[in-house]
Every structure is written in structure tokens, then in C-alpha cells.
Amino acid sequence: MPLAATLRDALGVPVLVDNDISAVTAAERLYGPGADCADFLLVAIGQGIGLGMVLDGAPYRGADGAAGEFGHLPVLPDGPVCSCGNRGCLETQVSTESLLRRATELGILTPGEELDQLGLAAAQGSPAAVALLAEAGELLGRALAGAVNLLGPRLVIVIGEIAPLWPRLAEPFSRALGAHLLPCVRQTRIDVRPWDDGLIAAAAAGIVLAAPLAAPRQRGR
């Protein structure tokens, strides 16, 4: 659906539409710490897993804006069915939604409990909780190593609602990442940031700052 054009015609004002993580990545390149880095990745882990890319100084979106579906990287050949219809996607193992689902299935949490309770269970030494988060951290580290080997960024930023669990994910993540990185990219910096609910709003403003002349160009649809 040509959403931007439809809304422009209906409202009579300029309308810009973008993927949320692509917008956050573009805003990071404009006025975040990434402004000084021409090649970086931004991994956002929440209910899904998205990947924003800045390569050679410019945001990379791929054909039809389809680049960055990092959560749908296949990691388990016979894994659970993903929302995309495929099996064993990274998102089925590492997203916040999948971690809560698996923790409930394993009896670590009761239905309705949240990520804080999962982190608390691991902190209190629950073997099942520790194992679940260790597996998730290892899968994420191995998958991200593949992306870094492929694209060669200087910086990887990790954000999202997963942040409260990072103290339990960090060690297995770092171990798996280091074990699979090529020597030439082992200096890539990993920057894990706390989640900020205002980030998407700031990114929406960034779309406008990044494309002040977009509305006239879009008139031709």
C-alpha cells in the first residue's frame, strides 16, 4: 500500500514513512554517537529483532526497504515456526516475546510475568533460567558475528527492551561473538545501551531532518 502518498493526498501535508529501526539508525547517523562513524550496525531486540545499517556513511535499506530483517536469520533447522512462516529464525529464540514464552513453557515463569522476573530468576540461580539466557546470548553472539564478518562495521549498537537481561546475556554473547569473528574485524566495538521509550519519537523527527526536500520529490509517487 502506498501509505505516504495516500496520506499526503488525504491530509494535504508532507508525509514521510519509514521502518522504525531504519529511522532510529538514520537518526543515530545524523546526531547520535554514530555521527562520527561511517560504518555501523544497530541491533534492536524487543518483540522482534531488527538490524539497521550505515555503510560507507549512508543508511542502507536494500531493495524496497527490505534489508535488516536480522530476526529472520535461520539458526535452528528444526526450530519452532516463526511469525514469518519459516522455522528456526533467530527471533524465535532471542526476542523478548520468545524468551517469555520459553520461560513459561519451562516453568521458570507463570503466565503474565515479565522480563524482570526472568532476570530475577537467573540472578537467584535458577538453573533453567541461567541456561535459557545463556543459550539466547550464545545464539545472538554467533549470529551477530556472521553479520560483522559480512559487513565489517567499526561499531555495533545494541538497543531494545532486552536491555534489563543483558547482564545475564553478556558473557555467553561475548564468548560466542569472539569465537566466530574473523581476525580483521575483532576490533569492532559493541555498545549496549539502555532502552529509551523516546527513541522512536526522536527517530521520527530524524526522518524529517534527513529529508527536508523529500515532499516535493515524492509528488510523482
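Buried means under 20% relative accessible area, exposed over 50%, and partly exposed in between (1.4 Å probe, protein chains only). The model is predicted: local features need pLDDT of at least 70, side-chain atom pairs count only at pLDDT 80 or more, and totals for chains, interfaces and linings use all residues. Residues are numbered from 1 along each chain as its sequence is written, and side-chain values use heavy atoms, with hydrogens and water left out.

**Exercise 1.** Place Thr 188 in the chain and decide whether Thr 188 is buried or exposed.

Solution. Step 1: Thr 188 sits in the loop between α7 (166-180) and β5 (189-192); helices (H or I, at least four residues) and strands (E, at least two) are DSSP runs, numbered from the N terminus. Step 2: its relative accessible area is 13%, so Thr 188 is buried.

**Exercise 2.** Find what Thr 188 touches beyond its neighbours within four places in sequence.

Solution. Step 1: contact means heavy atoms within 4.5 Å. Step 2: with those neighbours left aside, Thr 188 is in contact with Val 148, Pro 153, Arg 154, Leu 155 and Val 156. Step 3: Leu 155 is 33 residues from Thr 188 along the chain, yet their C-alpha atoms are separated by 5.4 Å.

**Exercise 3.** Which backbone oxygens does the side chain of Thr 188 reach?

Solution. Step 1: the backbone oxygen of Val 185 is reached at 2.8 Å. Step 2: a polar atom of the Thr 188 side chain lies 3.0 Å from the backbone oxygen of Pro 153.

Key: A polar contact is a pair of N or O atoms within 3.5 Å; within protein, one must be able to donate a hydrogen and the other to accept it, and residues adjacent in sequence count only if both atoms are side-chain atoms.
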